[in-house]
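Below is a set of questions and answers on why certain labels apply to parts of a protein model. Each answer sets a value against the definition behind the label.

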Amino acid sequence: MNVAITAISYATGDKKLTSEELALRFGADAMKKIESISGILQRRVASEDVCASDLAFKACELLFEKRPTLRNEIDLLIFATQTPDYIMPSTACIMQDRLRLKKSCASFDINLGCSQFPYAIATASSWITTGLAKKALVINADTPSKLIHPLDKSAITLFGDAGAVVLLETSEKKSFIEFEFGSDGAGFDNLICPASAMRKPHTREDDIEKQDDDGNIRTNANMYINGFSIFAFAYKTIPETITKLLNKASLSIDDIDLFIFHQAGEMMVSSASKRLKIPASKVYFKMHDIGNCGGASIPIALADAVKNGRLKSGMRVVICAFGVGLSWGASIIDWSDDFKLALTCDDYSDSPAKPQSQCLADA
């Protein structure tokens, strides 16, 4: 039994964190330097009372508006996140009830960050291929802004909040050509919330603010990112992963129409792409006006590429995600003519102009 992505819907945070606002905190020169590296000019962040599940709910309801009968047909719900509603129970079970899905719908979380999308679609695809499910909602949603100290310029300048839902269904043609996965837990502390669960329970001392050598302020309860180490990891791992993936499928870069990477930052993506000698006209970007939206970044970019006419039926696309864990995953997808809907309720009419360096793969 074959499987295909047939719809994508997404919603980002309702607030806009602009570079002008951040320049008031960190200085105009610092922000100009960060922008030149990240390519991120604006971030969409969620209000204080909005969780990742709320953004996902909004995206799901938009999908159900377009396909009213779908609500009663979903028999698998996967919620991939590292910002759940609670440590327990799983957010997926809560979402099953909020979305009014049938009680026979299997629902569970996947606890992964930046790399969650290929893992989640591979899991859902396996369930459908083996007959355990027929239609699956794969949700990728996170609100990293809630973990970041407002004076930590190494993180708050990069991340946005979003929820994306991808619909997987049976198909006559094979869509998922190949997958490649990996992990390196030795680097777990390069992207971490130290005092966040059982290994280091939160105490009052963990709320004490500390300033690092670069002037970033955070507590042990906040997200910490070692930008240099993560960049080095991505620069090494992305080319290795893509090479293995293409070799497994006996394909070359020439056989791929579009590459969509985790939208971690322009320099990170561009540097790894250049190592692989991927033409810039094949590397798609959607980050400049929403930020690095974690695991939701790839499905958002896929939907954006479809809406802009850059990704069409019959094309072959490679996705590659990487980050916290350390963890990575990639897939070759033949974009199916079964794909019908790319949806968002977001308004981008007043977004900053997309940098020209990110437009080379646009239609």
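Q: What makes helix H9 a helix that lies across strands, and which strands are they?
A: In this predicted model, H9 (residues 297–307) lies across E1, E6, E7 and E16. Its direction runs at about 95° to E1. Angles are taken between N-to-C directions on a scale from 0 to 180 degrees, so the value refers to directed axes.

Q: Which other helix packs on this sheet, and at what angle to E1?
A: Helix H3 (residues 52–66) touches strand E1 (2–12), E4, strand E6 (135–142), strand E7 (162–171) and E16. The direction of H3 makes about 120° with that of E1.

Q: Why is the sheet of six strands called open, and which strands are at its edges?
A: The order is E5-E4-E6-E7-E1-E16, with mixed pairing. E5 and strand E16 (341–344) are the edge strands, and each pairs on one side only. Neighbouring strands of this sheet are turned by 15° against each other on average, direction ignored.

Q: How do you know that E4 and E5 count as paired?
A: Strand E4 (residues 76–80) and E5 are joined over five bridges in the parallel sense. Pairing requires at least two bridges, so E4 and E5 qualify. Leu76 has Ala106 of E5 as its bridge partner.

Q: What makes E8 and E13 edge strands of the sheet of four strands?
A: The open sheet has the order E8-E15-E14-E13 and mixed pairing. Strand E8 (176–183) and strand E13 (258–261) each have a single partner strand, so one side of each is left without a neighbour in the sheet. From one strand to the next, the twist averages 10°.

Q: How do you know that E13 and E14 pair, and in which sense?
A: E13 and strand E14 (residues 316–323) share four bridges in the parallel sense. The requirement is at least two, so this counts as a pair. Leu258 is bridged to Val317 in E14.

Q: Which helix packs on the sheet that holds E8, and which strands does the helix touch?
A: Helix H5 (residues 116–129) touches E8, E14 and strand E15 (327–334). The direction of H5 makes about 125° with that of E8.

Q: What is the handedness of the crossing of H7 and H8?
A: The crossing is right-handed. The axes of helix H7 (residues 227–248) and helix H8 (residues 266–275) come within 9 Å and cross at roughly 35°. On the H7 side the contact includes Ile230, Phe231 and Ala234, and on the H8 side it includes Met267, Met268 and Arg275. By class, the contact residues are nine nonpolar, one polar and two charged.

Q: What lines the largest pocket, and how are the lining residues classed?
A: The largest pocket has a volume of about 1200 Å³. Its lining has 35 residues, of which Gln82, Asn111, Leu147, Cys193 and Ser196 lie nearest its centre. The elements giving two or more residues to this lining are strand E5 (106–110) and strand E9 (191–192). The classes are 20 nonpolar, nine polar and six charged.

Q: Which element gives the most to the lining of the second largest pocket?
A: H2 does, with five residues. Helix H2 (28–38), helix H6 (153–156), strand E12 (224–225), H7, H8 and E14 each supply at least two. The second largest pocket holds about 810 Å³ of space. Ile37, Ser154, Leu158, Gly227 and Phe228 lie nearest its centre, among 32 lining residues.

Q: Why are the bonds before Pro89 and Leu326 singled out?
A: Most peptide bonds are trans. The bond joining Met88 and Pro89 is cis, with omega about 5°, and the one joining Gly325 and Leu326 is cis, with omega about -5°. Pro89 lies in the loop between E4 and helix H4 (91–98), and Leu326 is in the loop between E14 and E15.

Q: What makes the phi of Ser250 worth noting?
A: Most residues other than glycine have a negative phi. Ser250 is not a glycine, yet its phi is positive, at about 55°. Ser250 is in the loop between H7 and E13.

Notes:
Residues numbered from 1 in each chain as written. Predicted model: local features only at pLDDT ≥ 70, side-chain atom pairs only at ≥ 80, totals over all residues. Heavy atoms only, no water. Left-handed = near helix turned anticlockwise from the far one by under 90°. Contact = heavy atoms within 4.5 Å. Nonpolar A, V, L, I, M, F, W, Y, C, P; charged D, E, K, R; others polar. 1 Å grid on protein atoms, 1.4 Å probe; cavity = no way out; pocket = protein on both sides within 12 Å on 5 of 7 lines; lining within 4 Å. Points joined across faces, edges and corners; volume = space filled by probe spheres on them.
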